[in-house]
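Q: I would like to go through this structure step by step. Could you begin with the terms that I shall need?

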Amino acid sequence: MDIELIALISMLGVFLLSNLLFKLPVSISMILGAISGAIVGGEGIPLRHLFEGTFAYVDTCLIISTAMLFMTAVQESGAMEALSSSIVRRFYRYPAIMLILLMVLVMFPGMITGSSTAAVLSAGALVAPVLLLVGIPKEKVGAIISMGAIMGMAAPPINIPAMLIGGGVDMPYIGFDGPLFLLTVPCAIFIVLFLGLRHCRNIDIEKIQGSLSEDIGKRYGFRLYIPIVLLVALLVVSKVFPSFPQLGTCFIFLISAVVACFTGKRFNPLEKAISSMETTIPVMAKLMGVGMFIQVMTLVGARGWIVVSSLALGLGFVYFASCTVMPAFGAVSSYGAASVMGVPFLLVIIQRGGSCDIVVAAALSFLCCLGDIMPPTALAGNYAAQIVGLKYGKVLKKSLIPFLFCVMVGLMVMLNSSSLAFLAR
């Protein structure tokens, strides 16, 4: 047996045992897995490589932290609450449009933080009561919230698995917006309409009017939404007009967060910033653990072994594993799935030729994100089940068909990546 394979098995074994058996955090489990792989591979405890791996995704950590500050500020200002109530009041006569807009609201925090957990705990917690009010059963509401959060996690502008896959092959995170929108928007629309439309055809607005929050929207009006409009405008202008001063994504998030402190309800910015960082630190710790894990995989040759072995097994195996093993591995960590499997699978597919690397990387990242609905960890699914007051099994059952639909879309995009290359321009 090759030493590279032995090192890889030891890394994955220690990682899975630490996380699933000893219930250690994913970040600590990945660090232990990296150390064990280095020892088995004959490298001892390579402090330099572990240190370098820790900072491999420091730019991504900065984006996540500033995005979470913005999301917290917008939520505390009352903008999200007012927006959900306004959507129902204005579009209850058009349930399909209403549901799609509520789905976008669920996705929004995930789109700017790259975290499905953040989406469930922020917008999901606000939208779930609204969906229950309009008559959607609890288990379907949980499925909509969890799958919507995952679609937000996979959607641009921030898709962390795509960043991890791109970083593994020295591919800049540029040109991903089109492919990711193609993957997430149709899936999000299908999910919310498939699960919720038949329950919302005859909404009695008089019965639910009292449960909808109107005070915040009436008190502050359009100014509540200024931070969101400013964020979108700055992000779009910086891409469309290269001559415009490039502020950087992190600085744009910070500017919009500061503006949100003055456009709605008053809150303590320092206190809320600290609480938002408490939510973000576990995500950043996972990225640091992933960085160490990948650095050691490269050091001991395990990463190259996966690529060579996948080439020998053929493209059919890679496509099959992408649709099955990657989401299953994502149950432990979607970031780990992107780094451990996404990078080698991308190298195998693009080495065959005729594929657009950006479109394939986007599809692989999309499939990795689906792991957040998979047991036993199922971060998005478990939090969504808690919000609606059900056991996770009932939410998972209603999520099965949407999950399979998303896997099919991801596979079709991969298989037709060359035809969709224009989306990456």
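A: Certainly. Helices here are DSSP runs of H or I with at least four residues, numbered from the N terminus. Please note also that this is a predicted model.

Q: Where does Pro157 lie, then?
A: Pro157 is found in the loop between H8 and helix H9, the latter spanning 160-168. A cis peptide bond links Pro156 and Pro157, with omega at about 10°.

Q: Are most peptide bonds cis or trans?
A: Most peptide bonds are trans.

Q: And H8 itself, at what angle does it pack with H20?
A: Helix H8 (residues 138-154) and helix H20 (residues 379-388) pack at about 145°, and their axes are 8 Å apart. The crossing of H8 with H20 is right-handed.

Q: Which residues meet there?
A: From H8 come Lys138, Val141, Gly142, Ile145, Ser146 and Ile150, which meet Ala380, Gly381, Ala384 and Val388 of H20. By class, the residues of this contact are six nonpolar, three polar and one charged.

Q: New topic: how many cavities of 30 Å³ or more does a search of the whole structure find?
A: The search finds one. The largest cavity holds about 40 Å³ of space.

Q: What lines the largest cavity?
A: Its lining consists of Ile64, Met68, Thr113, Ser115, Ala118, Thr279, Thr280 and Val283. H4 and helix H15 (269-300) are the elements that give two or more residues to this lining. H15 provides the largest share, with three residues.

Q: How does the lining divide by class?
A: It has four nonpolar residues, four polar residues and no charged ones.

Q: Staying with H4, is Thr72 buried or exposed?
A: Thr72, which is in helix H4 (residues 58-77), counts as buried because its relative accessibility is 12%, and buried means under 20%.

Q: What is Thr72 in contact with?
A: Leaving aside neighbours within four places in sequence, Thr72 is in contact with Lys272 and Ser276.

Q: One last thing: which sign does phi have in Lys23?
A: The phi of Lys23 is positive, about 60°, although Lys23 is not a glycine. Most residues other than glycine have a negative phi. Lys23 is in the loop between helix H1 (3-21) and helix H2 (26-40).

Q: And what about the phi of Asp170?
A: Asp170 also has a positive phi of about 60° and is not a glycine. Asp170 is located in the loop between H9 and helix H10 (177-196).

Q: Why do they count as exposed?
A: Lys23 counts as exposed because its relative accessibility is 65%, and Asp170 because its value is 74%; exposed means over 50%.

Terms used. Residues numbered from 1 in each chain as written. Predicted model: local features only at pLDDT ≥ 70, side-chain atom pairs only at ≥ 80, totals over all residues. Heavy atoms only, no water. Buried < 20%, exposed > 50% of the residue type's maximum accessible area, 1.4 Å probe, protein only. Contact = heavy atoms within 4.5 Å. Axes fitted to C-alpha atoms, helices over the stretch in contact; angles between N-to-C directions. Left-handed = near helix turned anticlockwise from the far one by under 90°. Nonpolar A, V, L, I, M, F, W, Y, C, P; charged D, E, K, R; others polar. 1 Å grid on protein atoms, 1.4 Å probe; cavity = no way out; pocket = protein on both sides within 12 Å on 5 of 7 lines; lining within 4 Å. Points joined across faces, edges and corners; volume = space filled by probe spheres on them.
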